[in-house]
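Work through the exercises below with the sequence and the model in view. Try each task before reading its solution.

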Amino acid sequence: MLRIVVLISGRGSNMEALIRARASGDLPADIVAVISNRADAAGLATAASNGIATAVVPHRAFPDRDAFDAELARTIDAFNPGLVVLAGFMRILTPAFVSRYAGRLMNIHPSLLPAFPGLDTHERALEAGCKVHGATVHFVTAELDHGPIVAQAAVPVLHGDDADALARRVLALEHVMYPQAVAWFARNELVTENGVVRVTDPAARQLVMA
Ligand code: GRF
């Protein structure tokens, strides 16, 4: 069974979606630990109440990114995961960390990459007048919010949307797509060639909410 470590910084609703998928049998994997860079991340209590081990590696306690990432990697490796899942983990990772987990480090980003890497994606999609918006699950590479795309989900931008309304609509799809993408990984259904991911399951569909 695939062992998964989830990294969070806050609310942890995507992490919770993964826990639910595991419980309902849709995710053939064990979530062995949830690690946060913030002791006050709300998702830590959710993980603990589901019987999952938790750990905190407070980034402020380290002099630089290299030292933080080294301790983070030590903490992760103690759980011996086959996949590390970033779920709202708000730290930029060093190239050394990223290459240590190459091909087994996934992120979810709230935009249709390569549009809008970085922060404030919903505001930026509205300012750009986008008619569709969404979220992307991708393998992590050294360049922020780049890397081979595993899954995308699109939602319409509706008249009168503000960033919060748009974020809620996207988040609802994130909670469906992330467990699905992680399940593809767990079932060995992802093949990456020349930076392009193919899902080998012929029934696999990307998500569009009309
Ligand atoms: C999500 O919008 C995710 O796409 C982004 O950060 C947010 C995390 O939310 N990377 P949550 O902590 O999973 O509720």
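**Exercise 1: a loop residue**

At 57% relative accessibility, N80 counts as exposed. This is a predicted model, in which local features need pLDDT of at least 70, side-chain atom pairs count only at pLDDT 80 or more, and totals for chains, interfaces and linings use all residues. Residues are numbered from 1 along each chain as its sequence is written, and side-chain values use heavy atoms, with hydrogens and water left out.

Task: Locate N80 and describe its phi.

Solution. Step one: N80 is in the loop between α3 and β4 (83-86); helices (H or I, at least four residues) and strands (E, at least two) are DSSP runs, numbered from the N terminus. Step two: the phi of N80 is positive, about 50°, although N80 is not a glycine. Step three: most residues other than glycine have a negative phi.

**Exercise 2: the loop between β5 and α5**

Task: Is F116 buried or exposed? Which peptide bond is cis?

Solution. Step one: F116 lies in the loop between β5 and α5, and P114 is found in the loop between β5 and α5 (121-127). Step two: F116 has a relative accessible area of 17%, so F116 is buried (buried means under 20% relative accessible area, exposed over 50%, partly exposed in between, with a 1.4 Å probe and protein chains only). Step three: phi of F116 is near 55°, a positive value in a residue other than glycine. Step four: the peptide bond from L113 to P114 is cis, with omega near 10°.

**Exercise 3: a side-chain pair**

Task: Which side chain does D161 contact?

Solution. Step one: D161 sits in the loop between β7 (149-156) and α6 (163-186). Step two: D161 counts as buried because its relative accessibility is 15%. Step three: the side chains of D161 and R169 are joined by a polar contact of 2.7 Å (a pair of N or O atoms within 3.5 Å; within protein, one must be able to donate a hydrogen and the other to accept it, and residues adjacent in sequence count only if both atoms are side-chain atoms).

**Exercise 4: the ligand**

Task: Find atoms of the protein that lie at short range from ligand atoms, starting with R11.

Solution. Step one: an N or O atom in the side chain of R11 is 2.5 Å from a ligand oxygen atom. Step two: a polar backbone atom of G12 is 2.8 Å from an oxygen atom of the ligand. Step three: for a nitrogen atom of the ligand, a polar backbone atom of I108 is 2.9 Å away.
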